[in-house]
Structure formats: C-alpha cells, structure tokens
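Work through the exercises below with the coordinates open beside you, and attempt each task before reading the solution that follows it.

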Amino acid sequence: MRILKQSGVLTFTLAAALMASAAWAENTSPIGLWKNVDDTSGKPRALIRITEANGALQGKIEKVFLAPNESPTCTKCEGALKNAPVIGLVILSGLKKDGAEFTGGQILDPDNGKTYSSKIYLTDGGKTLNVRGYIGVSLLGRSQIWQRQE
C-alpha cells in the first residue's frame, strides 16, 4: 500500500514538472497572442497573434480597440493593402531567430501605412515582448512593449 502511495506522489510530481516545463517552454517563444498599447494614451490598441510560417514569425491583427474617429481599414496603406480591413492584416513578417532576438523582419504601422525594419525580443520571463521598428539602423526607430495575453 505504501508503495502505491509513493508511486502516486511520484507520478503527480512528474506530471506537475512536465506541465511547468511546457509552460516555461511556451514563454520562451513569442508565438501567441499579444496586446499592444498606444504610446501616448496608454489604452489598448490591438491584439496581435504571432505565428510561425516557413521558419519565420509573422503577426496578424485579431482584434482592434478603435477610438470613435478611427477607421477599421488601413486608409493610409498603399498598393494591395489600401483600405484593407485592419483585422486580419499581417503587420509583422519575416522575423527569424538570431540568438535571443528575432531579426530581419518588417513591421507595418497601420496608422501611417508605412513599413519599417523590425526586430523583437522577449523580456520579463516571456510576459512582455519588446517590438522595435526602425529605418536603416536600429538606433533610428522606436520600441513598444506588448503584453502576452495567453
């Protein structure tokens, strides 16, 4: 009987350790749902789902939090994206792992329709994502902190 109790405790301990390691592994990847916040107002702007396709990360807008005067379309985008719905818009693309960062990608700002070079990296144990958009060199740009949602 004592052996059965001990093996039950061992099984429970192993299961808990495996679940904890799986959760930790998920937080070492930027794949998942993220909330970005407006730099000036501090209010949520959108939920972006980051996925991996063909060895590169991409981020697609799943939900937007529009102000009363904002359009649900990308009015300032050019070409095929002109007036495209913001929901479903791929705003991050081409990011590939480079050490602790994901680099070599692009980010689209639907507010101005411009595309910038981009890199991202996780902070705070995988709870936050530092997203940097820049022109030319990383010093000439701006960063946002996105919060993990799941």
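Accessible areas come from the Shrake-Rupley method with a 1.4 Å probe. With that convention, the accessible surface of the chain comes to about 9500 Å², of which 59% belongs to carbon and sulfur atoms. The model is a predicted one, and the values in the solutions are computed from it.

**Exercise 1. The overall layout**

Task: Establish which pattern the chain follows when it is read along the sequence, and find what kind of barrel the strands build.

Solution. Begin with the count of elements, which comes to one helix and eight strands. Reading along the sequence then gives the pattern α-β-β-β-β-β-β-β-β. Next, follow the pairing of the strands: they run β1-β2-β3-β4-β5-β6-β7-β8 in a closed barrel, with antiparallel pairing. From one strand to the next, the twist averages 30 degrees. Finally, consider the chain as a whole, where 30% of the 150 residues count as buried, and where residues 24 or more positions apart account for 37% of the contacts with a separation of 6 or more.

**Exercise 2. Bridges around the barrel**

Task: Determine how many bridges join β2 to β3, and then carry the same reading on to other pairs of strands.

Solution. Eight bridges join β2 to β3, and these strands run antiparallel; within this pair, Leu-47 stands opposite Lys-63 of β3. Moving on, β3 and β4 pair in the antiparallel sense over three bridges, with Lys-60 opposite Val-90 in β4. Strand β4, residues 90–98, is joined in turn to strand β5, residues 101–109, by five bridges in an antiparallel arrangement, and here the bridge partner of Leu-92 is Ile-107 in β5. Between strand β7, residues 128–134, and β8 there are seven bridges, again antiparallel, and Arg-132 stands opposite Ser-143 in β8. To see the pairing of β1, turn to strand β8, residues 141–148, with which β1 pairs in the antiparallel sense over two bridges; Lys-35 has Gln-147 in β8 as its bridge partner.

**Exercise 3. Turns and positive phi**

Task: Find where Asn-54 lies, and decide whether Asn-54 is buried or exposed.

Solution. A general expectation comes first: most residues other than glycine have a negative phi. Asn-54, although not a glycine, has a positive phi of about 55 degrees. The place of Asn-54 is in the loop between β2 and β3, two strands that form a hairpin with two residues between them. Its relative accessible area is 84%, and exposed means over 50%, so Asn-54 is exposed. The same steps apply to Asp-124, which also is not a glycine and has a positive phi of about 55 degrees, and which lies in the loop between β6 (114–123) and β7. Because the relative accessibility of Asp-124 is 53%, Asp-124 counts as exposed. For a turn that does contain a glycine, look at the hairpin of β7 and β8, with six residues between the strands, where Gly-136 has a positive phi of about 75 degrees.

**Exercise 4. The nonpolar core**

Task: Name the residues with the most contacts inside the largest nonpolar core, and list what Ile-120 touches.

Solution. The largest nonpolar core has 22 residues, and those with the most contacts inside it are Ile-50, Ile-61, Ile-91, Ile-120, Leu-129 and Trp-146. The elements that give two or more residues to this core are β2 (44–53), β3 (56–64), β4, β5 and β7. Taking Ile-120 individually, and leaving aside residues up to four places away in sequence, the residues it touches include Pro-30, Leu-57, Leu-95, Phe-102, Leu-129 and Val-131, together with Glu-101 and Asn-130.

**Exercise 5. Two loop residues**

Task: Identify which residues Lys-82 touches, and which backbone nitrogen lies 3.1 Å from a polar atom of the side chain of Ser-29.

Solution. Lys-82 is placed in the loop between β3 and β4 and, at 46% relative accessibility, counts as partly exposed. Not counting residues up to four places away in sequence, Lys-82 touches Cys-74, Thr-75 and Cys-77, and the side chain of Lys-82 reaches the backbone oxygen of Thr-75 at 2.5 Å. Lys-82 and Gly-113 are 31 residues apart in sequence and 8.5 Å apart in space, C-alpha to C-alpha. Ser-29, for its part, lies in the loop between α1 (2–26) and β1 (32–37), and the backbone nitrogen in question is that of Ile-31. With residues up to four places away in sequence excluded, Ser-29 touches Leu-122 and Arg-148.

Notes
Residues numbered from 1 in each chain as written. Predicted model: local features only at pLDDT ≥ 70, side-chain atom pairs only at ≥ 80, totals over all residues. Heavy atoms only, no water. Pairing = 2+ DSSP bridges. Helix = DSSP H or I, 4+ residues; strand = E, 2+ residues; numbered from the N terminus. Axes fitted to C-alpha atoms, helices over the stretch in contact; angles between N-to-C directions. Polar contact = N/O pair within 3.5 Å; in protein donor to acceptor, adjacent residues only side chain to side chain. Contact = heavy atoms within 4.5 Å. Core = buried A, V, L, I, M, F, W, Y, C linked by side-chain atoms within 4.5 Å. Buried < 20%, exposed > 50% of the residue type's maximum accessible area, 1.4 Å probe, protein only.
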